[in-house]
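Let's go through a structure together by asking how each label was earned. Have a look at it before we start.

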Amino acid sequence: MEALPDAIVQYILSHINNSIDVASCNCVSKRWQDFVPYLKSLYFPRNSFDNHFSDETPESIIGKMISRIECLEELVVYSPFSTSGLASWLLLAGSTLKQLELRMDNLSESQPSLESPSKLDCLAVAKNLESLKLWGVLMMNSPKWEVFPKLQNLEIVGARVDDAALVAALKACPNLSNLLLLGCDGIGTVSIDLPNLEKCKLDFYGVGNSSLFLNSPKIESLEVQGCSWIRVRETKCLRNLSISNNAGRVYMVDFGKLSALESLSIRGVQWCWDAISKMLQWSSEVKHLYMKVEFTGDFETLQPFPEVDIVDFFNSHPKLQKFDIHGAMFAALCQKDSLKNVESRFVIPSLEEVIVTVRSPLNAEQKMSTLESLLKYTKNLKTMVIRILQMKSSHSSTDDFFDEICKFSHLNRRIVRIE
C-alpha cells in the first residue's frame, strides 16, 4: 500500500463500508484518513458501540463520520438511535442518500410516540432515496412525508400498522417498482394503487382476515399471506402468484384472466372451494402449480375437497410442467372414476415433474391407480417424487399402502423415488 499513489489508496479504501473497519483505518496514518470523504456507503452493525468508552455519544460519533463524507449514497444503521440523532444525520446527508436502511426499534412501544417529528417523519428530507428498508416499525399515524419521486424499492419488516397510515405512506411513494411488507400486524383493509409496481410481497400477521385491493397494471410477481379477500384487476403482466393464509380462511379471490401466469402457489388450512376453482380456471396457462390446502368449506365447518376429474384438470392445463400437490387435492383427484373410460388419445403433454405428498392410506387403490395413470399418460415425465408425510394409522392398510408405493417406486425407479 505504501508504494501506491494516494489516489489508488483512496479508491481502494473508499470501498470499505463497515464503520468499525473505517474507524480502524483512521488509526493507521494520516494518509489513510484521507479516504473517508470518498466513501459512498456506511454501515453500522448492531454491535458497533458495544465496547464504547468515549465521552462522546454513539450518535455524535455517527454524525461526525457522516459529516466527513462528501457524497454519502448508502447508510445502514442497525445500532440504536434516537429521533434527534436520525434527524441530524439526515440533515447532513439526506440530499445525497440513495439507499437507506434503519432498524427503528420502536415496535415494542405500547403507544405511538408523541414526539414530533417522529423517526418516520425525519425521513422526509431524504427526497432522493431510491431504496428504503425499515425494521421494527410502529406506523399508527400517517408519516409526514411529501413525496419520494425516485423511490423504487420499499421494504418494511416487522411492523404494527394502521390501515390509513400505510395508505398514506404508499401514496408518498408513487413510483415504486418493488414493495415488501413482511410481518405486518394490524392490517384490516389495504388498497394499493401503484402504476409502476412490478414485484410485491405482503405478509400480514394476525388472524388472517385482511382484505387486499391491488391496482398495478405492471405487476409481474405477487405473494400474499394472511388475506381472506383479494382483488387484483390488472393481471396481464402477472407471471408469478402465491396466495397463502396460515391462520384464517380464503373466501374470495378476483383476478380475471391470468393469461401470462407461469407459476401459481395456493396454500392454507381452509379455502372456499369457489376460490380454488376460480384460481384453477383463470390459470389455464400455468407451468408450475403448487397446491397445499387442507380443507374447503365456506364457513366454520371444515369440509373435504369435492371430486376433481383428473382428465378435465390436465386438459385445462396443457402447459403444466411441474405439479406439486399435497394430501387433500391429491385425494380429490383420486376419487373420480374418470380414469376408467379414458380416451386412447388422452395425453398429458408438458408435465415433466410431479411431487405428490400422501398423508392417509384411505382410498389406497384409487391413489395407486392415479399414480400409475400419471406415469402412463405423461409422455415427458422425468421425475416423480412421492412424499410420505405423517401417515399414522394402526390399521394394516397403512403398511399395505406403503408396500404398494415401494413396489411402484422400484418398478419405475428411473423416474419415481420416495422421500
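Q: Why does Cys-122 have no bond to the closest cysteine sulfur?
A: This is a predicted model, by the way. The closest cysteine sulfur to that of Cys-122 sits in Cys-173, 16 Å away. A disulfide needs the two sulfur atoms within 2.5 Å, so 16 Å is too far for a bond.

Q: How many disulfides does the structure hold?
A: Zero. That means no pair of cysteine sulfur atoms lies within 2.5 Å.

Q: What makes Cys-122 count as buried?
A: Its relative accessibility is 7%. Buried means under 20%, so Cys-122 gets that label.

Q: And Cys-71, why is that one called partly exposed?
A: The relative accessible area of Cys-71 is 28%. The partly exposed class runs between 20% and 50%, and Cys-71 therefore falls into it.

Q: Where is Tyr-11 found?
A: Look in helix α1, which covers residues 6-13.

Q: Is Tyr-11 buried or exposed, and how do you know?
A: Tyr-11 is exposed, because its relative accessible area of 56% passes the mark of over 50%.

Q: How far is Tyr-11 from Gly-136 in space?
A: Their C-alpha atoms are separated by 35 Å, and the two residues are 125 residues apart along the chain.

Q: What is special about the phi of Asn-363?
A: Asn-363 isn't a glycine, and yet its phi is positive, at about 55°. You'll find Asn-363 in the loop between β17 (353-358) and α11 (364-377).

Q: What makes Asn-363 partly exposed?
A: Its relative accessible area is 39%. With cut-offs of 20% and 50%, Asn-363 lands in between, so partly exposed it is.

Q: How does the radius of gyration of the chain compare with that of a compact globule?
A: A compact globule of 419 residues would come out near 22 Å, but the chain has 28 Å. The C-alpha atoms fill a box of roughly 85 × 55 × 45 Å along the principal axes.

Q: How many helices and strands are there in the chain?
A: You get 12 helices and 19 strands.

Q: What share of the residues is buried?
A: Buried residues make up 46% of the 419 residues in the chain. To be in that group, a residue has to be under 20% relative accessible area.

Q: Where are the charges of the chain, on average?
A: The chain has 44 positive and 50 negative charges, and their mean positions are 5 Å apart.

Note on methods: Residues numbered from 1 in each chain as written. Predicted model: local features only at pLDDT ≥ 70, side-chain atom pairs only at ≥ 80, totals over all residues. Heavy atoms only, no water. Helix = DSSP H or I, 4+ residues; strand = E, 2+ residues; numbered from the N terminus. Rg over C-alpha atoms; globule rule 2.2 N^0.38 Å. Buried < 20%, exposed > 50% of the residue type's maximum accessible area, 1.4 Å probe, protein only. Lys, Arg positive; Asp, Glu negative; His and termini not counted. Charge placed at Lys NZ, Arg CZ, Asp CG, Glu CD.
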